[in-house]
Amino acid sequence: MSETNQAEYSGASYKVLTVRTSEDTRAQLEVLAQLNGRSVTEETRLALEHWVEKSKADPAVLKRAEQVRAEIEREAETKRNAINAVLGNGAAKTATRSTKQASTET
């Protein structure tokens, strides 16, 4: 495993995730992993992947995702406008400065 806490298994890149859980949940997870012939890590990864897929189909999650996307787009537009304003003013100043330098050099 590399220092960036990434591992590669079967061509896929994985990152380490530490999860704190109760002793009871851990014990049940160990039993389930044993019954399924998998490691606790694999059992946890599969459970998380299942939860992510289930959540992606949840109408409440989808609604909130659309709200967050709209929020991000509004913020991005505000930042784009601010950058354009800075670059617009900066570009005019640079052009004026370059013109002045060119006229004094000739």
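Colleague: How far apart are the end C-alpha atoms of helix α1 (residues 23-36)?

Modeller: This is a predicted model: local features need pLDDT of at least 70, side-chain atom pairs count only at pLDDT 80 or more, and totals for chains, interfaces and linings use all residues. Numbering starts from 1 along each chain as its sequence is written, and side-chain values rest on heavy atoms, without hydrogens and water. Helix α1 (a DSSP run of H or I, at least four residues, numbered from the N terminus) has 14 residues, so at 1.5 Å a residue (times one less than their number) it should span 20 Å. In agreement with this, its end C-alpha atoms are apart by 20 Å.

Colleague: Which residue just after α1 takes a positive phi?

Modeller: The phi angle in question is about 70°. The residue that takes it, just after α1, is Gly37.

Colleague: Is Glu43 buried or exposed?

Modeller: Glu43 belongs to helix α2. Its contacts (heavy atoms within 4.5 Å), not counting residues up to four places away in sequence, are with Leu29, Leu32, Ala33, Asn36 and Arg38. Because its relative accessibility is 11%, and the limit is under 20% for buried and over 50% for exposed, with partly exposed in between (1.4 Å probe, protein chains only), Glu43 counts as buried.

Colleague: Which side chain is joined to that of Glu43 by a polar contact of 2.7 Å?

Modeller: Glu43 lies in helix α2. The polar contact of 2.7 Å (N or O atoms within 3.5 Å, one able to donate a hydrogen and the other to accept it; sequence neighbours count only through side-chain atoms on both sides) joins its side chain to that of Arg38.

Colleague: How does Leu48 count in terms of accessibility?

Modeller: Leu48 is placed in helix α2 (residues 40-56). Since its relative accessibility is 39%, Leu48 counts as partly exposed.

Key
Helix = DSSP H or I, 4+ residues; strand = E, 2+ residues; numbered from the N terminus.
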